[in-house]
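Okay, thanks for coming, everyone. I'll put the sequence and the fold up on the screen, and then we can walk through it together.

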Amino acid sequence: MALRKFVKPAVATASKGVHLFRKICRDVPTILTIYDLDISVAEARAVIKSKFMECDHVKDPDVVDILIHKAEVEYDEARLQWKTPAQLCAFFENSDYSAKVAENMKVTHPFDRIALDLD
């Protein structure tokens, strides 16, 4: 009996990535509600899509598995509320959300900031 090397097909890793992307996109509204972020679901999904597309050029199955694992860990941490809102803001930095936060932070007097929080 000859020994054969088992090679994982690239299709399996690609389908794992697509499955993970769809799972994350389904849970985006829930995560945005949990963290009370002022960003639209479409904007959040666009940022997530761009993050996935950044790694589109990777073809090595082992590297793809590592990237998928890292994405799953990030997703689980967000879903289980182990991340802070600031960490999610940094993730969505590519969107207009960071500009909205910066606009709110321009207030110099502390009482003005309190008034903004009450609105």
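So, reading along the sequence, what you get is α-α-α-α-α-α. That's six helices and zero strands. Before I go further, keep in mind that this is a predicted model. The chain has 119 residues, and buried ones make up 20% of them.

Let's take helix 2 to begin with. Does the length of the helix make sense, or put properly, what should 14 residues span at 1.5 Å a residue? The expected figure is 20 Å, and the end C-alpha atoms of helix 2 are 20 Å apart, so the two agree. Now look at what's tucked in: Ala44, Val47 and Ile48 are the buried residues I'd point to in helix 2. If you look down the axis of helix 2, its buried residues sit within an arc of 95 degrees, so they line one face of the helix. The background here is familiar: an α-helix has 3.6 residues a turn, so residues three or four places apart point the same way.

On to helix 3, and the same exercise. With 19 residues at 1.5 Å each, helix 3 should span 27 Å, and its end C-alpha atoms come out 26 Å apart, which agrees. Which residues of helix 3 are buried? They are Val64, Asp65, Ile68, Tyr75 and Ala78. Down the axis of helix 3, the buried residues fall within an arc of 150 degrees, so once again they line one face of the helix. Turn helix 3 around, and the face pointing away from that buried side carries Ile66 and Lys70, both exposed.

You probably spotted an aspartate in that buried list, so let's talk charges. The structure holds four salt bridges, and I'll go through some of them. Aspartate 65 pairs with lysine 16, side chain to side chain, at 3.4 Å from N to O. This pair links distant parts of the chain, with aspartate 65 in helix 3, lysine 16 in helix 1, and their positions 49 residues apart. Are the two partners buried or exposed? Aspartate 65 has 18% relative accessibility, and the cut-off for buried is under 20%, so aspartate 65 counts as buried. Lysine 16, at 39%, counts as partly exposed.

Next, have a look at lysine 83. Glutamate 74 forms a salt bridge with lysine 83, and the closest N and O atoms are 2.8 Å apart. Glutamate 77 also meets lysine 83 in a salt bridge, at 3.6 Å from N to O. Because these salt bridges share partners, Glu74, Glu77 and Lys83 are joined into one network. As for accessibility, lysine 83 is at 14% and counts as buried. Glutamate 74, at 40%, counts as partly exposed, and glutamate 77 is partly exposed too, with a relative accessible area of 25%.

Now a couple of backbone oddities for the geometry people. Where does aspartate 36 lie? You'll find aspartate 36 in the loop between helix 1 and helix 2. Phi of aspartate 36 is near 55 degrees, a positive value in a residue other than glycine. At 66% relative accessibility, aspartate 36 counts as exposed. The other one is glutamine 81, in the loop between helix 3 and helix 4. Glutamine 81 isn't a glycine either, and its phi is positive at about 65 degrees.

Last stop, the largest pocket. About 1,000 Å³ of space lies in there. The lining of the largest pocket has 35 residues, and the closest to the centre are Lys51, Phe52, Cys55, Leu67 and Ala71. Which elements give two or more residues to that lining? Those are helix 1 (10–35), helix 2 (41–54), helix 3 (61–79) and helix 4 (85–91). Helix 1 gives the most, with 10 residues. And what sort of residues make up the lining, by class? There are 23 nonpolar, three polar and nine charged residues.

So, to pull it together: six helices, a pair between aspartate 65 and lysine 16 that links distant parts of the chain, a network of Glu74, Glu77 and Lys83, and a largest pocket with 35 lining residues. That's my tour, and I'm happy to rotate the view if anyone wants another look.

Note on methods. Residues are numbered from 1 along each chain as its sequence is written. This is a predicted model: local features need pLDDT of at least 70, side-chain atom pairs count only at pLDDT 80 or more; totals for chains, interfaces and linings use all residues. Side-chain values use heavy atoms; hydrogens and water are left out. On a 1 Å grid over the protein atoms alone, a cavity is a set of points where a 1.4 Å probe fits but cannot get out, and a pocket is an open set with protein on both sides within 12 Å along at least five of seven lines; lining residues have an atom within 4 Å of a point. Grid points are joined across faces, edges and corners, and a volume is the space filled by probe spheres set on the points. Helices (H or I, at least four residues) and strands (E, at least two) are DSSP runs, numbered from the N terminus. Ala, Val, Leu, Ile, Met, Phe, Trp, Tyr, Cys and Pro count as nonpolar, Asp, Glu, Lys and Arg as charged, and the others, Gly among them, as polar. The expected span of a helix is 1.5 Å times one less than its number of residues. Buried means under 20% relative accessible area, exposed over 50%, partly exposed in between (1.4 Å probe, protein chains only). The arc is that of the directions from the helix axis to the C-beta atoms.
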